Amino acid sequence: MINRSVEQQYVEHACPDVMNQVLELVRPYMVPGEIEQVVKACHLALETCEGVPGTANRPIPPLEHALAVTTILAQMMHVDAVGITAALVFEAVDAELLLIEQVEHVLGAPTARIVGSMLRLNILERKKQNVATGAMLSIQSPSPTTTKKIHDEHSLAPVPLESKKPRVREALRRQQAEAVRKMFVAMADDPRVVLLKLAYRLHAMRRLCVEPQPAPSPEVLTMAEETQEIYAPLAGRLGMSRVESELQDLSFQVMEPDKYSWVRNIVEMESKQWRSYVDRVCEILRQEMATIGVKAEVSGRVKHAYSFYKKIMRSAGDLEDFEAVKKAADISQIHDLIAFRILVDTTTDCYVTLGHIHALWRPKDGRIKDFIANPKPNGYSALHTTVFCMDDQLVEIQIRTHEMHEMAEYGVAMHWHYKDVGDQASASAKELLTWLRQLAEWQQELRTSNTSDTDFVEAIKDDIFQEQIFVFTPKGEVKDLPVGSTPLDFAYRVHSEVGDKCAGARIISESEHGEGDRLVTRMVPLDYELKSGEVVDIVTSRNAHPTRDWLNFARTAAARNKIRRYLKIHERPINIQIGRDRLDRELKSITERTQEVISEDLQNWLCEKLNFASYEDILAAIGSDDLRPRLVVVKLVEYWEKRDNKEEVVEANEPLVLSPSAAKPATAQMMVAGVSGLLTRLANCCCPLPEDPIVGFVSRGKGVIVHRADCRNLTNYRERAQERLINVSWQGMSQPRYSAPVIITARDRNGMMRDLASVISDAGANLMSVNFRSDGNGETVLVNATIEVENLTQLQWLFTRLARIKDVLHVERDLGKQKNTL
């Protein structure tokens, strides 16, 4: 037992209510030594924070804030003593009421380390606030603007009421991206840091929803989006289902208040309607468990709001208008709206219970999931089955042991790092530790490749927090991948060397013809979309190696980065030559100069301006499509203008200073209804070229959109907006290059994409984008490419050259398969 004299010593000198509140939360799951550590932290927090009021920048008093976060950590995560003590004293340190050295002296180095990590992350949060506030002040009108205060995790900042501005949102996103990236770095060192961040975010979202705002500011909306896209999936990945569900509902309430209210009303109505039904089914299950001698706890519940909303949207199919979704929504088709949970003592009881449930009610085919034999990577274990229950209603039943339930509710994160490590670690703990290490390595790879913080966060959302599938190695190891992943993603997930030598894959699955338990093995191509539950055996070959085509197969950012790294090393000489040719053509077309005029000093100047180590690195980047030659030429023109002191040339060449990555067609100057100089733009849906018959469409705010006369969108315009169609001609056209979508059909072989890119480059055209898909048997591919050309004649000549490439079957212009948006 705990030494009550030590605890009592602190309670007598502290606020009994605060102390008892914390101790009541942690006593059920902590050992006496840990409780004593928490008592010390309570005393330190009370000693420094008691009686300190809130301020304009810190609306919640530090002690109240610390207690709220500590309650979340203890109730919803069962965090250990180190995490609890860090939460109790962090607010005092952040408010400069307590030194971090004092924390280390009283509570130890682990607690001080977590508090230090939180302080560094908090600096980024405040930096985000300052950037947002500055951006909003810069766009305000000179007249006084009414402001209001919005709460984030740690502070309130003045925000203009009318500040839904793109600049503010973008500034916030950049700063939040930096904060999220640093959070993942800190998480790799000690997972308790991210648990504290999750608790602070949950507390902040609760406060926002307690005091809802009629028109949320960009800060609040961005915070809710970040919660939905980053923090809620992160909680799910760490196995904390309660935290994940609440964060999803709270962010849904902020982002879509009308939809949230509608869904919440339905959930409440369904709960009342099904209450009697749930009680009857629970009683039947309790009686059945008692009959077979299984000690069980039975409960029923209705899905939480956001989960229910996602089910409704999936059932709505392609409907986008929410009013139409509400009319079409069929609640009766959501068969797992009601779920029952049975908690038993042992794993054997789980399977016994499952058998008796299936004896009671007929199971639905394909809806039995055994997460005990094959746990999810976050440690989740249970049996799931969907049955035709009373009155032939489809309901989901989950069966777990009490230990499995605790894992599902509180998450494996509460112990995997500091209690469940080494050789004795559970499979789920090892999987999460492996995931953390991979995350740290991936973060380092993206950093070395100069990936921005925003790109890193987008990759995180795309690869880690999207819906996952679970596939197996032949040895039975489970690997989680984003939906849509291919054998290449799986190979690189196993090991980089396996990915680099991947020549194909075998899928091992059960026979589809009902032939008992016989397994069937079939070969699949590298672009095959893996399905959950499949066993994947990667076929390697010493002659296999990554090609540029692999970038179109790889789904995950980790696989794509490893492919690019290989190509950067092994295709460098080819890329340098391609880049040299492209830069030479771009120079000639714009400045009538050649590369011979680029001296060594000028090369060094370019490297400094573009952040490259050498001039050959610049050429290689151009050759590998990582850098557009137009940007390099713009920098060269800038250099020559400064050298010659000819400032007037800047205005003459102003069109050059466009973003080299911009994919929108340049503004065309042509005759519109007999008048020149009007704002015109070439349509993306049909991409007209000079000599094509054209028609103009007067858009709202974007000038005249020029379409080919045979564009299918013109049919719709003629039906609903005939008066906005006008005559246009190519007279006075000044655009140097045009986008031309093309379709190439070819037999699939190694090196095909390289041959296509080489011919396009030699023809003086610029390959802007390319993607392709294989047919069902993997013999032919359909390549969709967008090429920059000078005119229709050059495009036709290019078609002739492309058709001569080995295994190319057909080349044609894409005459309108893209959708236009006005």
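Confidence across this predicted model averages a pLDDT of 76 for the protein, and 72% of the residues score at least 70. Among the elements, helix 15 (residues 347-360) has the highest mean pLDDT, 92, while strand 1 (residues 147-151) has the lowest, 36. Two stretches deserve a cautious eye. Over residues 131-164 the pLDDT stays under 50, and the model has 86 contacts beyond four places in sequence for this stretch. The pLDDT also stays under 50 over residues 817-822, for which there are 21 contacts beyond four places in sequence.

Turning to the sheet, 4 strands are arranged in the order 21-22-20-23, forming an open sheet with antiparallel pairing. Its edges are strand 21 (766-774) and strand 23 (808-813), each of which pairs on one side only. From one strand to the next, the twist averages 20°. Strand 21 and strand 22 (residues 780-789) run antiparallel and are joined by 8 bridges. In this pairing, F772 has V783 of strand 22 as its bridge partner.

Two helices pack on this sheet. Helix 29 (residues 752-762) touches strand 20 (738-747), strand 21, strand 22 and strand 23, and its direction makes about 155° with that of strand 21. Helix 30 (residues 792-803) touches strand 20, strand 22 and strand 23, with a direction at about 170° to that of strand 23.

Helix 29, besides packing on the sheet, also meets helix 23 (residues 572-591): the axes of these two helices come within 10 Å and cross at roughly 25°. Helix 23 is therefore roughly parallel to helix 29, and their crossing is left-handed. On the helix 23 side the contact is made by I574, I578, R582 and R585, and on the helix 29 side by R754, S761 and D762. By class, the residues of this contact are 2 nonpolar, 1 polar and 4 charged.

Elsewhere in the chain, helix 9 (residues 192-210) offers a second packing story, with helix 4 (residues 62-77) as one of its partners. The axes of helix 4 and helix 9 come within 9 Å and cross at roughly 115°, so the two helices are roughly perpendicular to each other. Helix 4 passes helix 9 in a right-handed crossing. Helix 4 contributes H65, A68, V69, I72, L73, M76 and M77, which meet L195, L196, L198, A199, Y200, L202, H203 and R206 of helix 9. The contact of helix 4 with helix 9 has 12 nonpolar, 2 polar and 1 charged residues.

Helix 9 also packs with helix 10 (residues 218-237), at an angle of about 140° and with the axes 11 Å apart. This pair is therefore oblique, and helix 9 passes helix 10 in a left-handed crossing. From helix 9, the residues V194, K197, L198, R201, A204, M205 and L208 meet V220, M223, A224, E226, T227, Y231, L234 and A235 in helix 10. The contact of helix 9 with helix 10 comprises 11 nonpolar, 1 polar and 3 charged residues. L198 of helix 9 takes part in the contact with helix 4 and in the contact with helix 10.

Definitions and conventions:
Residues are numbered from 1 along each chain as its sequence is written. This is a predicted model: local features need pLDDT of at least 70, side-chain atom pairs count only at pLDDT 80 or more; totals for chains, interfaces and linings use all residues. Side-chain values use heavy atoms; hydrogens and water are left out. pLDDT is the predictor's confidence in each residue, from 0 to 100. Contact means heavy atoms within 4.5 Å. Two strands pair if DSSP finds at least two bridges between them. Axes are lines fitted to C-alpha atoms, for helices over the stretch in contact, and angles run from 0 to 180 degrees between N-to-C directions. Angles under 35 degrees count as roughly parallel, over 145 as roughly antiparallel, 65 to 115 as roughly perpendicular and the rest as oblique. A crossing is left-handed if the near helix is turned anticlockwise from the far one by less than a right angle, and right-handed if clockwise. Ala, Val, Leu, Ile, Met, Phe, Trp, Tyr, Cys and Pro count as nonpolar, Asp, Glu, Lys and Arg as charged, and the others, Gly among them, as polar.
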